[in-house]
Amino acid sequence: MSAAALRERAGTAGRWLVGPGAWVAVLALLLYSAWLRTRNVDAPFWIDEGISVGVANYPFHEIPDALSRDGNPPIYYLLLHGWLQLFGDSERAAHALSGAFAVATVPLAYLVAKRPLGRPAGVAAAALAAVLPFLTYFGQETRMYAMVALLSLLVAAAHLRAFDANARGWQVGLALIAIVLLYTHSWGVFLVGGSALAVGARALVVPAGAPRRRVVRIGFLIHAAAGVAWLPWLPTLARQARETGAPWSLRPTLEMALEGLGSIAQPEMTATIFLVGLVASGVALSAAARGRLSGPVVPAPERAATLRAQAVVLATLLLATLLFAWLGSQVSPAWANRYMAVLVGPAVLLGGLLLTHSGRFGLVVLVLLLVVWGLDDQGDRLRGKGTPAAMADAVATELRPGDLVVSTHPEQLPVIAYDLRRRGAPEGLRYATSLGRQRDVRMFDWRHAVDRLEAAAPWVVADRLIADQRPGSRILLAVPVLSAGNWTGTWTRLVADRTRAWEALLEADPRLRMIGPRPITGLRRGVVGVLFVIRP
């Protein structure tokens, strides 16, 4: 068979897969995504995952109140509570909930995109969702970010349909999704703010007069309804911002904003290709709308103009959300690339739209990204996180009831307690942090944490804890590896200082005899332990 005939057959198969056979392509993408996002489902927990499981292990009705000591709304933890009741709290079981959210974005991206954007864009959006590094990573982590990404996809999809004629269901849906989002993660407020600006963008791309007034009226009612439903949580949010905040965070720079935007499409090279591809494809689509660009995968001017309007709305939603988050974190620092889950939905739909309607360049970028991302299961990152798993493996069976475990990194205690329990440590251990004894190890109390840690003099706290131990009992001092990670924030710098002080105090205390480090060989990151025994 000639090369031309092969190209013709390949073209025919490709057209079928993004046309009548799109369901076959989406099913294949769904299965591949499920495979890709279960390669590291047994990766050990890090700090925040230990807190997630700890909060979810509170009685269902106590979870919202418990979160007044943390910094997030309750919906994800309530769902996780039910999930763990059904499947247990192993790493595999707990990660699977996030995996379900991540994999669900694949068929959902197709379903919400195929009508307003066309089947090819729907298949492309599903393909991006199937291999997007952000979803591959957070689909295997027990946090709410895969769920937030799914909700952001629904928000973006609703903006494509909510202002059509007879779209009451989409309007109600957008309001309900916004409410769920606001009760799932604090950064939901930034996406809802971006959604309000996206209404303004929609108003500008429809004719002036009654159509524009209709868009503004519907948009106002949707967001007003979400705001009213959110009012009961506002006192808790205000108290969280005032008492817990994010003392580990820094005020983001403009460079950090760009890094955050690129973090959903990492590594840096592919993130750059994705962003450049979107910009170039947007320019090409605009040219097509003006009749200045044509080709086999370029829409006719009228269709291109319609798609350009959708792209403007999605781009506004994406960039306005990022802007609100950046501005909000200038006032109250709370910036982390994992929070960029709120950008995933608009990015996936915008990518599916632009890369399939801007000529061969967009298709080349799309194929390149799918190949590179599809080969990356994020294993190095997921298994390279700083965790106490190796320490717990080494020391769990050496501990006895009544022994004391002290974490100098206070928010590490929930995951340390979890890892010790899962690895065979006995019941009856005592737990403490550099703040003092901790009888509830399910979560860390972030209220005024910096002030409390500054006030907890190491020599005073250590003396009380040691004096309270019986002779012959053991003390496990669990400390973070300070040579790895960023220890320059207000909180993290203080944790590092306290860690050094505690190590020096216990090593010099005549009441203690050092048994040795656990694990015996050093780790490059994570948590290491030093085991002591109380002298007779």
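A residue is called buried here when its relative accessible area is under 20%, exposed when that value is over 50%, and partly exposed in between. The structure to which these terms are applied is a predicted model. By this cut-off Q378 is buried, because its relative accessible area is 4%. Q378 is found in the loop between α18 and α19, and its phi is near 65°, a positive value in a residue other than glycine.

The same loop between α18 and α19 (379–383) also holds L375. With a relative accessibility of 72%, L375 counts as exposed. L375 belongs to a nonpolar patch on the surface, which it forms together with Y32, W35, V367, L368, V371 and V372. The accessible area of these residues together is about 660 Å². Two elements, α2 (22–36) and α18 (360–374), give two or more residues to the patch. The greatest contribution comes from α18, with four residues.

The UniProt record offers a context for this part of the chain. An unreviewed entry places the feature "transmembrane region" at several stretches, including residues 16–35, 269–288 and 347–375. Over residues 347–375 the chain is 83% helix and 0% strand, with the end C-alpha atoms 20 Å apart. Residues 269–288, by comparison, are 100% helix and 0% strand, and their end C-alpha atoms lie 28 Å apart. Ahead of that stretch, a cis peptide bond with omega of about 10° joins Q266 and P267. P267 lies in the loop between α14 (254–263) and α15 (268–289).

UniProt, again in an unreviewed entry, lists residues 72–192 for "domain: Glycosyltransferase RgtA/B/C/D-like". In the model these residues are 79% helix and 0% strand, and the end C-alpha atoms of the range are 16 Å apart. Helix α6 occupies residues 91–117 and has 27 residues. From its first C-alpha to its last, α6 reaches 38 Å, close to the 39 Å expected at 1.5 Å a residue. The helix nevertheless bends by about 30° at V106, and a proline, P107, follows within four residues. Just after α6, G118 takes a positive phi of about 100°.

Attention now turns to charged contacts. Side chains of opposite charge can pair when their charged atoms come close. A search of the whole structure finds 21 salt bridges. In one of them, R421 pairs with D89, and the closest N and O atoms are 2.9 Å apart. This pair links distant parts of the chain, with R421 in helix α21 (residues 413–422) and D89 in the loop between α5 (75–87) and α6, 332 residues apart. D89 also forms a salt bridge with R422, where the closest N and O atoms are 3.4 Å apart. Because D89 lies in the loop between α5 and α6 and R422 in helix α21, this second pair ties together parts that are 333 residues apart in sequence.

The partners are covered to varying extents. D89 is buried, since its relative accessible area is 14%. R421 counts as partly exposed because its relative accessibility is 42%, and R422 is likewise partly exposed, at 39%. Elsewhere, E91, D393, D419 and R423 are linked in a network of salt bridges.

A further salt bridge joins K385 to E141, the closest N and O atoms being 3.2 Å apart. K385 is in the loop between α19 and α20 (389–395) and E141 in the loop between α8 (133–138) and α9 (145–161), so that distant parts of the chain, 244 residues apart, are linked. Both ends of this bridge are buried: K385 has a relative accessibility of 11%, and E141 one of 1%.

The remaining features concern later parts of the chain. H448 has a positive phi of about 50° although it is not a glycine. H448 is placed in the loop between β3 (436–437) and α22 (449–455), and counts as partly exposed because its relative accessible area is 39%. Farther along, the peptide bond from R518 to P519 is cis, with omega near 0°. P519 lies in the loop between β5 (512–518) and β6. Strand β6 (residues 527–534) contains V533, which is buried, with a relative accessible area of 11%. V533 and R470 are 63 residues apart in sequence, and their C-alpha atoms are 9.9 Å apart in space.

Methods
Residues numbered from 1 in each chain as written. Predicted model: local features only at pLDDT ≥ 70, side-chain atom pairs only at ≥ 80, totals over all residues. Heavy atoms only, no water. Expected span 1.5 Å × (residues − 1). Bend = angle between axes of the 7 residues up to and from the residue. Patch = residues over 30% accessible without salt bridge, like charges linked within 9 Å, V, L, I, M, F, W, Y side chains within 5 Å. Areas by Shrake-Rupley, 256 points an atom, 1.4 Å probe, with all protein chains shown as cover. Salt bridge = Lys/Arg side-chain N within 4 Å of Asp/Glu carboxyl O. Buried < 20%, exposed > 50% of the residue type's maximum accessible area, 1.4 Å probe, protein only. UniProt positions renumbered as here; feature names shortened; annotations may be inferred.
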